[in-house]
Amino acid sequence: MSLPHAILTALLEKPSSGLELTRRFDKSIGYFWSATHQQIYRELGKLEQAGHIRALPAPVPVRGQRKEYEVLPAGREALGTWVARSEDPKPMRAALLLRMRAAAVVGASGLRAELTRHLALHQQQLDEYLAIETRDFPSERRHSEPDRLRHLVLRGGIEMERFWVEWLTGALAELGRE
């Protein structure tokens, strides 16, 4: 149920078209809540039908012109209600961990290469997050509550990637012991 809330959040930050939302998801929200172009457009239609967003009127009507959306008061209220709602953590689903469990039964052929690949991907993501932190959150700009909250989200991503890098490094070391 979080995709509509992710879209409402993005639109409150900046009214956007569906294509712009897709690009923004790829650069920010998508790091922790991914969605395809089709999912975003489908959800925009549902949010518009529910009266949570509206397409901004075009200055000059042109056939095929992309719609830019903004959040209506009902959408802001729905997002605020969702933010305040209590929700239990969801169980983690990690195919890599399941693959390791299966390797305990059928053998670990190819597992080391996959762990090494995952380690490189997590290190790459960590480096990207750290670059974003350096670029977007210099210490002198962390004073407003919205900036502190956005930075905390990024810090969560950084710590998650650090966990995976450390864990995968240890797992590879453990598998290397005979």
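In this short talk I will go through the sheet, several helices and one contact between distant parts of the chain in this structure. Please keep in mind throughout that what you see is a predicted model.

Let me begin with the sheet, which is open, has three strands in the order β1-β3-β2, and is paired in the antiparallel sense. Its edges are formed by β1 and β2, each of which pairs on one side only. As general background, the strands of a sheet pair through backbone hydrogen bonds, and the pairing can be either parallel or antiparallel. Here strand β1, residues 16-17, is joined to β3 over two bridges, and in that pairing Ser16 has Tyr69 of β3 as its bridge partner. Strand β2, residues 53-55, runs antiparallel to β3 and is connected to β3 by three bridges, with Arg54 matched to Glu70 of β3.

If you now follow strand β3 itself, residues 68-71, which of its side chains are buried, and which are not? The side chains alternate along the strand, so that Tyr69 and Val71 point to one face and are buried, whereas Glu68 and Glu70 point to the other face and are not buried.

From the sheet I turn to the helices, starting with α1, which covers residues 2-13. This helix has 12 residues and reaches 17 Å from its first C-alpha to its last, close to the 16 Å expected at 1.5 Å a residue. Helix α1 is also mostly covered, since nine of its 12 residues are buried, and among them you will find Pro4, His5, Ile7 and Leu11.

Helix α5, residues 95-106, likewise has 12 residues, and its reach from first C-alpha to last is 16 Å, close to the expected 16 Å. Directly after α5 comes Gly107, whose phi is positive, near 110°.

Next, I would like to look at how helices pack against one another. In general, two packed helices are described by the angle between their axes and the distance between the axes. Helix α2, residues 18-27, packs with helix α3, residues 37-49, at an angle of about 130°, and their axes are 10 Å apart. That angle makes α2 oblique to α3, and the crossing of these two helices is right-handed.

The other pair consists of helix α6, residues 111-136, and helix α7, residues 145-176, which pack at about 155° with their axes 9 Å apart. Because an angle over 145 degrees counts as roughly antiparallel, α6 is described as roughly antiparallel to α7. The crossing of α6 past α7 is left-handed, and, by class, the contact of α6 with α7 has 14 nonpolar, nine polar and five charged residues.

I will close with one residue of helix α7, namely Thr169. How far apart are the C-alpha atoms of Thr169 and Leu119? The two residues are 50 residues apart along the chain, and yet their C-alpha atoms are separated by 7.1 Å. As for its surroundings, Thr169 has a relative accessibility of 42%, and therefore counts as partly exposed.

Technical notes
Residues are numbered from 1 along each chain as its sequence is written. This is a predicted model: local features need pLDDT of at least 70, side-chain atom pairs count only at pLDDT 80 or more; totals for chains, interfaces and linings use all residues. Side-chain values use heavy atoms; hydrogens and water are left out. Axes are lines fitted to C-alpha atoms, for helices over the stretch in contact, and angles run from 0 to 180 degrees between N-to-C directions. Helices (H or I, at least four residues) and strands (E, at least two) are DSSP runs, numbered from the N terminus. Angles under 35 degrees count as roughly parallel, over 145 as roughly antiparallel, 65 to 115 as roughly perpendicular and the rest as oblique. A crossing is left-handed if the near helix is turned anticlockwise from the far one by less than a right angle, and right-handed if clockwise. Ala, Val, Leu, Ile, Met, Phe, Trp, Tyr, Cys and Pro count as nonpolar, Asp, Glu, Lys and Arg as charged, and the others, Gly among them, as polar. The expected span of a helix is 1.5 Å times one less than its number of residues. Buried means under 20% relative accessible area, exposed over 50%, partly exposed in between (1.4 Å probe, protein chains only). Two strands pair if DSSP finds at least two bridges between them.
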